[in-house]
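Here's a quick briefing to read with the structure open in your viewer. It goes through the sheets, then the ligand, then one spot in the other chain.

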Amino acid sequence: MESVIINALQQGLIFAFMALGVLLTFRLLGFPDLTVEGTFPLGAAVTARVIVEGVNPLLAVLLGAVAGGMAGAATGLMHTRLKVNNILAGILTASAIYTVMLRTMGRPNTPLLAHENVYGQVLGWFNLTETNSTVIIALLVLTVIVRLLLGWFLNTDIGLALRATGSNEQMIRSLGVNTDNTKLMGLIIANFLVGLSGALACQLQGFADVGMGIGVLVAAIASVIVGETIFGGNRLGRLLTGVILGSIVYRGLLAIGLRMGLPAEDFKLMTAVLVLLVLCLPNFSLNKRLAGVVPGVQTKNKKPRQTRSLQADYSPSPAKELTVHVQNDGRVGE
Amino acid sequence: MIKLTGIDKYFFAGTPNEVKALDNVNLRVAQGDFITLIGSNGAGKSTLLKAIAGVISVDAGSIEIDGRNVTNLPEHTRARDIGRIDQDPLASTAAELSIEENLAMAYLRGQKRGLARAVTGQRAEIFREALKNIGLGLESRLKVPVGTLSGGQRQALALVMATLSRPKLLLLDEHTAALDPKAARLVMEITERLVNRYQLTTLMITHNMEQAIRFGNRLIMMHRGRIILDIGAEEKNKLTVPDLVTRFTSSSGSVFDDDRVLLA
Ligand SMILES: Nc1ncnc2c1ncn2[C@@H]1O[C@H](COP(=O)(O)OP(=O)(O)O)[C@@H](O)[C@H]1O
Ligand SMILES: [Mg+2]
């Protein structure tokens, strides 16, 4: 049981950065960004390479995240400047990244166990030794910082413009925002987070591998869904925190599955089926919410997240409406 | 104030489906004009407003706002001067964001956006004041997601958003057409109040002849991409719906083919 909890927290927190990135693009920006399948291992590959070169691990992790951000910029520029379809732009970048990773590492896999890792380094500053629980504490601190930074950013004027780009692009453009820039910014931030996730993952597992990105996107989507369903509300703050918790719950479920003897090689199929099921269950109240997670997924209720509350909140104060009405009639003389 | 010269706009140019949506449109709008724009289906009314706002580019002619040639400027750089509301009540507000967040975005219309907090106490006070003007009680519901409002409430909010930063020009594209009659009347009443209060230069498309005659100080009629009638305040005051139908028929040589107009 202890191993399940440790696993859920370590993996959950590391992948929470990725889930936050996916939340940002898929959900808030309305941009189904497939770059992330490449960005995750890219963050790991870049980190591994520079660590082997002797760069200090914290800087190495930062470089991994920056490489992720650059991948996001590549997709963003392809889409906004060259007008490449958003899904295709992501696929092109992800595919190109594969070569970049092989060139960066010089081979498909780089072992790192012989080198100091970022957890040992940072914990060392506080005279702590690297154990399962201290690693969790370090990750938790970073998660809280990132969560707070994101929450702050998304409530600034720029952050709001970014969210509006996902909610109603035509409207925010008519208010003077260049939505090419907000998309680019969102993709950079999101992929920075995904790169960070990959960098932290390679530091924990002690190696980087070009194949480590396979299936991570579906897992991140599953985390967003779990988080939004169980913890999330309409409020942005709850959504951000919910997605972090969702990532932990999702990784916990996987750990429990492993513990019960389910074969690990079946997990990706099971996750895919799970996501599909949740997305397609008709007339299931969750359905309306989830329709917003993955753009393009059509559900029976096309207007996500509004249908129910519409009835509840419909009536303004009837008395007030009546007053205006009467004035109006009087003036117009109907 | 607004000067359109020789505007042409084609759709599907060079194909068998080519449509000339705007055909040598010339129009001068004076400061403070409230123009109602009417015309049969497909006359090019929406296209004209979109061309002025920069949502679509034009194929010939020039567009000037206050002496500045904006013909080739993208929509977002013209936004400072232009507030626009669409017929679709879902189009002019962002459903997932709250009332105050929508207003915060409109508050900075056309300005540089930075890393300042979007909704501050001070701004919320400004928003509350602006919402009180329309008398729907929305000022006490600032944190409610806009997606939970009715169509009429959303269009009323869109009006507040469009006028919050006092644009030079307000463009309304049948903004009450999708509403039920009661909500439509309410939104028209709010429109008139805001336009008068802020002396906004306004171009309003309507399919309702009676509305076109009742509101504003000038009436323009379009047909097949051209302006075929331009009626000033004096003449407009005496105008009746049958007059307008007659004048349409004689100017265009065809029968007014928008059944919605006759029903109205
Ligand atoms: N985006 C578009 N693509 C192709 N044709 C269009 C487009 N928008 C408008 N049109 C065509 O241009 C003409 C004018 O349309 P519109 O301006 O919407 O008319 P109105 O608003 O007066 O009813 C119509 O024939 C319409 O089919
Ligand atoms: Mg139209």
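## Two sheets, a ligand and a helix start

In this predicted model, chain B has an open sheet of 4 strands, in the order 2-1-4-5, with antiparallel pairing. Strand 2 and strand 5 (68-69) of chain B sit at the edges with a single partner strand each, so one side of each has no neighbour in the sheet. Chain B also has an open sheet of 6 strands, this one with mixed pairing. As for ligand 1, its shell takes in residues of chain B such as Lys45(B) and Ser46(B).

**The 4-stranded sheet**

- Strand 4 (residues 60-65) and strand 5 of chain B are antiparallel partners, joined over 2 bridges.
- If you want a pair to click on, try Glu64(B), whose bridge partner in strand 5 of chain B is Asn69(B).
- Helix 1 of chain B lies across strand 1 (2-11), strand 2 and strand 4 of chain B. Helix 1 runs at about 65° to strand 2 of chain B.

**The 6-stranded sheet**

- Reading across this sheet of chain B, the strand order is 6-7-8-3-9-10.
- Which strands stand at the edges? They are strand 6 (82-85) and strand 10 (226-231) of chain B; each has a single partner strand, so one side of each is left open, without a neighbour in the sheet.
- On average, neighbouring strands here are turned by 20° against each other, direction ignored.
- Helix 5 (residues 151-163) of chain B packs on this sheet and touches strand 6 and strand 7 (169-173) of chain B. The direction of helix 5 makes about 170° with that of strand 6 of chain B.

**The hairpin in that sheet**

- Strand 9 (residues 218-223) of chain B pairs with strand 10 of chain B in the antiparallel sense, over 5 bridges.
- Two of the residue pairs to look at are Ile220(B) with Asp230(B), and Met222(B) with Ile227(B).
- The two strands, 9 and 10 of chain B, form a hairpin with 2 residues between them. Check out Arg224(B) in the turn, which has a positive phi of about 45°.

**Around ligand 1**

- What surrounds ligand 1? From chain B you'll find Phe11(B), Phe12(B), Val19(B), Ala21(B) and then Ser40(B), Asn41(B), Gly42(B), Ala43(B), Gly44(B), Lys45(B), Ser46(B) and Thr47(B).
- By class, that shell has 5 nonpolar, 6 polar and 1 charged residues.
- Oxygen atoms of ligand 1 show up in several polar pairs: one is 3.2 Å from a polar backbone atom of Ala43(B), and one is 2.8 Å from a backbone N or O atom of Lys45(B).
- Ser46(B) uses its side chain instead, with a polar atom 2.7 Å from an oxygen atom of ligand 1.
- Taken on its own, ligand 1 has 560 Å² of accessible area, and the protein covers 63% of that.
- Strand 2 (19-29) and helix 1 (45-53) of chain B are the elements that give two or more residues to the shell. Helix 1 of chain B gives the most, with 3 residues.

**One spot in chain A**

- Asn86(A) belongs to helix 4 (residues 86-105) of chain A.
- Leaving aside neighbours within four places in sequence, what does Asn86(A) contact? Its contacts are Phe31(A), Pro32(A) and His79(A).
- Gly76(A) is 10 residues from Asn86(A) along the chain, and their C-alpha atoms are separated by 8.2 Å.

Note on methods
Residues numbered from 1 in each chain as written. Chains lettered and ligands numbered in written order. Predicted model: local features only at pLDDT ≥ 70, side-chain atom pairs only at ≥ 80, totals over all residues. Heavy atoms only, no water. Near = heavy atom within 4 Å. Polar contact = N/O pair within 3.5 Å; in protein donor to acceptor, adjacent residues only side chain to side chain. Areas by Shrake-Rupley, 256 points an atom, 1.4 Å probe, with all protein chains shown as cover. Nonpolar A, V, L, I, M, F, W, Y, C, P; charged D, E, K, R; others polar. Pairing = 2+ DSSP bridges. Axes fitted to C-alpha atoms, helices over the stretch in contact; angles between N-to-C directions. Contact = heavy atoms within 4.5 Å.
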